[in-house]
Amino acid sequence: MKKCIFVGIIFFFGSLSEIFSQTELTLADIYKNGVYAQKRFGPIRWMKDGTGYSSIEKSTRVNGDDIVRYDAVKGTRSILISAEELTPAGESKPLSVADYHWSEDNTKLLIFTNTRKVWRYHTRGDYWVLDLKTRKLSQLGKGIPATTLMFAKFSPDASRVAYVSENNIFVETLSSGKITQITSDGDKDIINGTFDWVYEEELDCRDGFRWSPDGKNIAYWQSDTKGVGTFYLIDNIDSIYSKPIPLPYPKVGHTLSAVKIGVVSSEGGQTKWFDFPGDPRNNYLARMEFIPNSQEVMVQQLNRRQNQNTVWVGNIQNLALSKILVEEDSAFLDVHDNIRWLDGEKSFTWTSERDGWLHLYKVSRDGKNVELVTEGEFDVERISHIDPASGYVYYIASPDNFTQRYLYRSSLTKIGKAERITPMNLSGQNAYQISTDSKFAIHTFQNTTTPPVYSLVSLPKHETVRVLEENKELKSKVVALGLNPKEFFKVDIGEVILDGWMIKPKDFDPSKKYPLLAYVYGEPASSTVQDNWADGDLWHHYMADLGYVVISIDNRGTKTPRGRDWRKSIYGQIGILASYDQKAAVEKVLKTYNFIDPARVGSWGWSGGGQMTLNLMFRFPEVYKAGLALAFVSDQRLYDATYQERYMGLLEDNEEGYIKGSPITYAENLQGELMIIHGTADDNVHYQSFEMLVDKLIKYNKPFSMMSYPMRSHSINERENTSLHLRETMKNFWLRSLPAGGR
């Protein structure tokens, strides 16, 4: 193995004159006053012809939104739909546009407004349609309860719109306003056209129905939640009497919803159901889409262990099923949404780790021929665009630096070396929304010192046509703070070299010793060490300037493009391998940097990072003297079955791993200062996890601090002043338990 190499990358935020005119960074400015809010661009939609794109912009005439079009080459701007046209008859205020979608022919616009949150996302509200030919604005779902419509979408010929309301599917004819209810059995237990909590959270399933290519049928998912354990959130603050909020939520080892896929005429009638093999409560129907120009759907069926994905083609006329592909892994599989039909629907694209790296493949319709498209010892981090006309797939990868992201392309017809499209000088993270003809893209560039810059670029030469938003004001505000930048480094812990970053105080003195705050996550769902403009960075800069050295390190198993073996190494040992990696990395840091005080080492994290902090505090009290854990899982058996079983295996096969990976198992070892924080309305990681740990710590007579936020969710940001209060609470804990400053 290579020796430990620490490479610091220093960025300068501005000139000397700017540094001398520094302003003070305050928590109120970050979390309440919106001083450092970034400007975003869009959401944009490329028009069908690829020559321009539409976007939402605030009207200069009235208090509302215009839908505008920009010509990609000329940059000319035209108002497609004015805010005045988005004002309902008899109303004085235009609709506030939360999102919008064009019909296939770009002659009608579907507007989503007056939205409501369903669990984490705003997926419920009101929908309106504007006909660009007649300029008529019409509300959908008249007679249906307000703000209950979900996932509305045009039929292929844009003559109708289908949507979900209160767990049933409806079809509305735009010319007449006639509404046809095509399912009627939806209720609190039966869910049609959308999904239960765990499908939404862990399989990224929300919109649960599909129009057939000819518009004559609708295929949809139905979930039967009867038999799924109900977890109750309790609202104690919005009325005199407490109100229970029931949540069907399958915990590890317990019953899942029974999910099936059916087909019904878009005119209404009896649903016909596919008969997929296996127990519907022990398999997932994770994806379903119509094959273009056909009467067939492609369905991906995951087994409960989530290590086998069977791909079926189902005929909606006779309900016949054909198995065309089986993807397997000795650990776990992730579901990918990169399927594009090619060669007149004779083949399709497919994402797999079968050669040890995440790559795109081309598969024949019968599944017998599988060809590699993207070649090389690197991961395809995500697909940006698949364009059969030009013969290329555009994708994001980073073969040489796992903290960065760049655009590449490969031929769809012949294997060859990946071609990098992003210029070498754009060091950081790059993302692209590419036009239908692959000639242009909305490019987003960012790194740790550059807030997101949105530009229109031409492809494949990547020439900037114009800058759309560069967040100049935000960057100048941050420059004026005179902060020490993040320094990226690598740490060799013997078995593997890990990526990390470090932030030092503004008045850093290398001859002194500073307390260390380690920000951790460590789970397979994400990564903390990325060269991007992170929303949480100002918090870490704030803490650094109080007198802390702040670091973060990605252990094995985190979501980084380092190959299959890296990601799957954590299988069956969540909370175990990662804890040892984090501890070993901190010990190496302590040996390498003599300006860190080994007597003042702390860890903090949120969600999986809260669980990690607890594991570190309880397992290695000789290293970690203080810990702050938010919204954490204390016992992995309390979390949802889909996530936890994917990475840990079934409880019946790995009960010992579940116990050894759960911090509650080691609560009696607590020695340092611990603070735990949770929202009581956390539908993701339940407050139960918090209370069970509290009970255990009391049993062992362990002193600790705790803070509960009533009726706040997993993000602990709802209701007035919550975010600021939370950060003040966190700051005060650190100042009290791990005194700041160099000594």
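# A walk from sheet to helices

Let's start with a pair of strands: β37 (residues 497-503) and β39 (residues 549-553) run antiparallel and are joined by four bridges. Within this pairing, Gly500 has Ile553 of β39 as its bridge partner. Please keep in mind as we go that this is a predicted model.

Strand β37 is also home to Ile503. With a relative accessibility of 0%, Ile503 counts as buried. What does Ile503 touch, once residues up to four places away in sequence are not counted? Its contacts are Asn484, Pro485, Lys486, His540, His541, Ala544, Tyr548, Val549 and Val550. For a sense of distance, you can also jump from Ile503 to Ile576: the two are 73 residues apart in sequence, and their C-alpha atoms are 27 Å apart in space.

Now widen the view to the sheet. It is an open sheet of eight strands with mixed pairing, in the order β36-β37-β39-β38-β40-β41-β42-β43. Its edge strands, β36 (487-492) and β43 (705-709), each pair on one side only. On average, and ignoring direction, neighbouring strands of this sheet are turned by 20° against each other. Helix α12 (residues 722-737) lies across β38 (514-519), β40, β41, β42 and β43. Relative to β41, α12 runs at about 165°.

From here we can move on to helix α8 (residues 608-619). This helix has twelve residues, and from its first C-alpha to its last it reaches 16 Å, close to the 16 Å expected at 1.5 Å a residue. Is α8 largely enclosed or largely open? Twelve of its twelve residues are buried, so α8 is largely enclosed by the rest of the structure. Among these buried residues are Gly608, Gly609 and Gly610, along with Met612, Leu614 and Phe618; Gln611, Asn615 and Arg619 are buried too. The cover over α8 includes three helices, α7 (577-592), α10 (651-661) and α11 (687-699), and the strands β40 (596-606), β41 (626-630) and β42 (673-679).

Two of those covering helices deserve a closer look. In α7 we find Lys583, which is buried with a relative accessible area of 18%. Leaving aside neighbours within four places in sequence, Lys583 is in contact with Leu616, Phe620, Glu622, Val623 and Tyr624. Leu616 is itself one of the buried residues of α8.

Helix α10 has two sides to consider. Its residues Asn654, Gly657, Tyr658 and Gly661 are buried. Seen down the helix axis, the buried residues of α10 fall within an arc of 110°, so they line one face of the helix. An α-helix has 3.6 residues a turn, so residues three or four places apart point the same way. The buried residues of α10 pack against α8 and α9 (641-648), while the face turned away from them carries the exposed residues Glu652 and Glu656.

Finally, step back to an earlier part of the chain. The UniProt record, an unreviewed entry, places the feature "domain: Dipeptidylpeptidase IV N-terminal" at residues 103-452. This span is 2% helix and 48% strand, and its end C-alpha atoms lie 30 Å apart. One residue to visit here is Asp224, in strand β15 (residues 217-224). Is Asp224 buried or exposed? Its relative accessibility is 18%, so Asp224 counts as buried, the cut-off being under 20%. Not counting residues up to four places away in sequence, Asp224 touches Asp189, Ile190, Ser257, Ala258 and Arg281.

Key: Residues numbered from 1 in each chain as written. Predicted model: local features only at pLDDT ≥ 70, side-chain atom pairs only at ≥ 80, totals over all residues. Heavy atoms only, no water. Expected span 1.5 Å × (residues − 1). Buried < 20%, exposed > 50% of the residue type's maximum accessible area, 1.4 Å probe, protein only. Contact = heavy atoms within 4.5 Å. UniProt positions renumbered as here; feature names shortened; annotations may be inferred. Pairing = 2+ DSSP bridges. Axes fitted to C-alpha atoms, helices over the stretch in contact; angles between N-to-C directions. Arc of directions from axis to C-beta.
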